[in-house]
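Colleague: I would like a close look at a single part of this model. Please take one strand and walk me through its surroundings.

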Amino acid sequence: MTTLPVTTLPATTLLVIAKEPRPGRVKTRLTPPFTPRQAASLAEASLADTLDTVAAVPACRRVLVLDGEPGPWLPPGFDVVPQCAGGLDERLADAFARCAGPALLIGMDTPQVTPELLTVDFAGCDAWFGPAEDGGFWALGLARPDPALLRGVPMSTAATGAVQRDRLVAAGLRVRDLPRLRDVDTAADAHAVAALAPDGRFAARLARCAAPASRTDGPFAARPAGSAAPDSRPDGFTGRPGESAAPTARPDGFAARLSRSAAPDSRPAGPR
């Protein structure tokens with residue numbers, strides 16, 4: 001695996017593709033053991049940590065490609081653009097199509113990411129690829145963004161990362177690899193990732209939401225999928241005023257988790 005570079009080209013655009021953290025629409029694989037509202041709170045914390053990290057990296061532009069509406073978790077210094085309609089491959093392709101020069105895209109599911117990991121230099125290479133432990137990828141950088149490099153790549157599979165990287169190589173690009181990261185899909189992932197970044201918002205939020213693994217009763221006990229679990233204490237969720245825990249609608253999307261992101265919403269997408 002290639003070692004990390006030490007500089008960032010001033011012309012690089014940093015893209016974050018994400019979903020508005022609303023109950024029932026994000027992190028649905030965390031329910032159970034968490035309630036939809038707690039899962040949304042964890043997604044919000046993960047997104048906030050990610051955006052803060054991106055804000056600390058030198059770049060000519062920082063863009064949040066968002067499905068939904070921005071909230072108080074959005075720091076200054078970001079342009080917000082809506083995701084296009086279509087599958088995840090189309091949404092990722094569209095995000096790159098908005099860039100005139102080098103761009104690096106990540107999702108919202110790797111709150112442990114650091115500024116050093118995102119400090120990429122395209123001198124001597126055409127692409128940066130960040131594989132995820134689940135077979136997807138958490139980051140993709142292109143010196144010359146070409147939407148065709150992403151369109152048609154099958155998302156939501158254990159082979160997504162391999163197919164995407166092969167696509168880059170087949171196009172004749174010189175590819176460098178970023179470290180393999182674990183993204184947050186399940187409760188086990190959440191605890192493992194929080195341990196890697198114990199001082200972040202995500203770890204703090206998880207500590208407030210999580211119940212002991214052996215607990216079998218009470219509002220934070222694991223319950224069968226689809227059953228209601230009351231949320232009897234504050235969880236830090238700062239979504240829309242009056243937001244309630246909506247039913248789980250579908251598996252959540254890229255958010256950084258690119259391999260098992262879900263099919264697009266039934267409504268036109270706004271953006272993972």
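What follows is a close look at strand E6 and the parts around that strand. Which strands pair with E6, and how many of the residues of E6 are buried?

Modeller: One caution comes before the tour. This is a predicted model.

Start with the whole chain. The protein chain has 6 helices and 7 strands. From the N terminus on, the order is β-α-β-β-α-β-α-β-β-α-β-α-α. The chain has 272 residues, and buried ones make up 53% of them. About 10800 Å² of the chain is exposed, with 56% of that area supplied by carbon and sulfur atoms.

Now your strand. E6 covers residues 137-142. Of its 6 residues, 6 are buried, so E6 is largely enclosed by the rest of the structure. The cut-off for buried is under 20% relative accessible area.

Next come the partners. E4 is one of them. E4 and E6 run antiparallel and are joined by 4 bridges. Look for Ala103, which stands opposite Leu142 in E6. E5 is another partner. E5 and E6 also pair in the antiparallel sense, over 5 bridges. Here Gly130 has Ala139 of E6 as its bridge partner. E5 and E6 form a hairpin with 5 residues between the strands. In that hairpin, Gly135 takes a positive phi near 100°.

Now turn to the side chains. In soluble globular proteins, nonpolar side chains tend to be buried together. The largest nonpolar core in this model has 30 residues. Leu64, Leu118 and Trp138 have the most contacts inside that core. E6 is among the elements that give two or more residues to the core. The others are strands E1 (13-19), E2 (61-67) and E4 (103-106), and helices H1 (36-55) and H3 (115-118). H1 gives the most, with 6 residues.

Take Leu118 as a way in. Beyond its neighbours within four places in sequence, Leu118 is in contact with Trp138. The other contacts of this kind are Leu14, Thr53, Val54, Val57, Leu104, Ile106 and Val113. Apart from this core lies another, of 24 residues. Phe96, Ala103, Leu105 and Leu142 are among its members. You have already met two of these names: Ala103 stands opposite Leu142 in E6. One general point helps when you look at the strands. In a regular strand the side chains alternate between the two faces of the sheet.

Polar residues can be buried too, so check Asp121: its relative accessible area is 12%, and Asp121 counts as buried. Asp121 sits in the loop between H3 and strand E5 (127-131). A polar atom of its side chain lies 2.9 Å from the backbone nitrogen of Ala123. Asp121 and Gly141 are 20 residues apart along the chain, yet 9.8 Å separates their C-alpha atoms.

Gln38 makes a good second case. Gln38 is in helix H1. Gln38 is buried, at 1% relative accessibility. Its side chain reaches the backbone nitrogen of Thr35 at 3.0 Å.

So, back to your strand: E6 pairs with E4 and with E5, and 6 of its 6 residues are buried.

Key. Residues numbered from 1 in each chain as written. Predicted model: local features only at pLDDT ≥ 70, side-chain atom pairs only at ≥ 80, totals over all residues. Heavy atoms only, no water. Core = buried A, V, L, I, M, F, W, Y, C linked by side-chain atoms within 4.5 Å. Buried < 20%, exposed > 50% of the residue type's maximum accessible area, 1.4 Å probe, protein only. Contact = heavy atoms within 4.5 Å. Polar contact = N/O pair within 3.5 Å; in protein donor to acceptor, adjacent residues only side chain to side chain. Areas by Shrake-Rupley, 256 points an atom, 1.4 Å probe, with all protein chains shown as cover. Pairing = 2+ DSSP bridges.
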